[in-house]
Structure formats: C-alpha cells, structure tokens
Amino acid sequence: MATVRGGDIKQFMLGGREFDIAPEANVTYRLSGYSNESSPTGNGGMHTTQSRKLGGIDAIPLSVQTDRGDVEFLQQIADAGEPVPCSMQLINNDTYAGKLTIQEALDPNTGDGQVEVTIAGPRFEKI
C-alpha cells in the first residue's frame with residue numbers, strides 16, 4: 001500500500017479564523033528547534049555551534065475574501081506584533097500548531113485573490 005507523502009493542506013487556521021489555501025500550493029514549513037553550523041578545525045576535527053531557530057511557514061498562499069475583511073484581519077494581527085494561534089492540517093491528517101507572528105509585508109494580489117503570508121514563532125510542532 002502506498003503512503004501519502006504530499007498534497008493539499010486540508011485546513012489552515014490563523015488567529016481563530018479558517019482560511020482556504022490556494023489550490024496545489026507547495027508550502028515550506030519549519031519545525032522549531034535548533035540549527036547547526038559546522039566548520040573544520042586545524043587538526044581535521046569539526047567545530048559545531050548550535051542556535052535556536054523559529055518554527056513557522058514561508059509564503060503560504062491564502063485565498064482571501066474581501067467581503068469578510070480577511071486582509072484587514074491579517075493586517076491587524078501583523079500590526080499587533082504578538083503571536084496568535086496557528087494550525088495546519090495536511091492531507092494525511094498530520095497537524096502542526098503553535099503561536100506564530102506574521103512576518104514581512106502583506107501584499108494582496110487582486111488578480112488571483114490571494115495573499116502570501118510568512119509566519120514564525122518559538123514553537124511550531126506536530127500535535
């Protein structure tokens with residue numbers, strides 16, 4: 001039997017509001033944790049430093065509805081600068097969640113009715 005390894009996002013919630021994801025979206029997400037950086041030492045060993053990394057989602061394409069004020073809702077979250085609850089359920093029912101803050105500018109596109117949102121926070125993990 002084949003295992004589902006990719007596909008659509010079934011559900012996306014941000015700040016208590018559900019958003020539709022653009023069809024066939026290919027979204028990059030990051031689990032919170034640590035990032036390693038290594039370099040060689042003079043005697044052939046390896047020197048590694050580790051730092052925390054934020055979890056989150058890069059450029060998730062949200063289908064926005066102007067009649068329900070989606071863009072204004074997202075801008076209010078961004079303006080507050082505070083983490084809000086976020087969850088993403090994948091096609092195989094795996095769910096990732098955390099409290100995330102909107103990063104970068106929100107630039108809605110009138111041609112396709114979408115806005116790409118990048119969000120990050122100290123904890124984004126599988127639940």
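Reader: Before anything else, what counts as a helix or a strand here, and in which loop does Asn 93 lie?

Author: Helices and strands are DSSP runs, of at least four residues for a helix and at least two for a strand, and they are numbered from the N terminus. In this predicted model, the strands that matter for Asn 93 are therefore named by their order along the chain. Asn 93 lies in the loop between S7 and S8.

Reader: How many helices and strands does the chain have, and in what order do the elements run?

Author: The secondary structure comes to one helix and ten strands. Read from the N terminus on, the order of these elements is β-β-β-β-β-β-α-β-β-β-β.

Reader: What radius of gyration does the chain have, set against that of a compact globule of 127 residues?

Author: The C-alpha trace spans about 65 × 45 × 30 Å along its principal axes. A compact globule of 127 residues would have a radius of gyration near 14 Å, whereas the value for this chain is 17 Å.

Reader: Which element gives the most residues to the largest nonpolar core?

Author: In soluble globular proteins, nonpolar side chains tend to be buried together. Here the largest nonpolar core has 26 residues, and those with the most contacts inside it are Phe 12, Leu 14, Leu 62 and Leu 74. Several elements each supply at least two residues of this core, among them strand S1 (9–14), helix H1 (70–80) and strand S7 (84–90). The element that gives the most, with four residues, is S7.

Reader: Which residues does Leu 14 contact, leaving aside its neighbours within four places in sequence?

Author: Leu 14 is one of the residues with the most contacts inside the largest nonpolar core. With neighbours within four places in sequence left aside, Leu 14 is in contact with Phe 19, Phe 73, Leu 74, Ile 77, Val 84, Pro 85, Cys 86, Ile 102 and Ile 119.

Reader: What is phi of Asn 93, and what is its relative accessible area?

Author: Most residues other than glycine have a negative phi. Phi of Asn 93, by contrast, is positive, near 75°. Buried means under 20% relative accessible area and exposed means over 50%, so Asn 93 counts as partly exposed, with a relative accessible area of 44%.

Reader: Is Glu 104 buried or exposed?

Author: Glu 104 is placed in the loop between S8 and S9, and its phi is also a positive value, near 65°. Because exposed means over 50% relative accessible area, the value of 67% for Glu 104 makes this residue exposed.

Conventions: Residues are numbered from 1 along each chain as its sequence is written. This is a predicted model: local features need pLDDT of at least 70, side-chain atom pairs count only at pLDDT 80 or more; totals for chains, interfaces and linings use all residues. Side-chain values use heavy atoms; hydrogens and water are left out. The radius of gyration is taken over C-alpha atoms; the globule rule is 2.2 Å times the number of residues to the power 0.38. A nonpolar core is a set of buried Ala, Val, Leu, Ile, Met, Phe, Trp, Tyr and Cys residues joined through side-chain atoms within 4.5 Å. Buried means under 20% relative accessible area, exposed over 50%, partly exposed in between (1.4 Å probe, protein chains only). Contact means heavy atoms within 4.5 Å.
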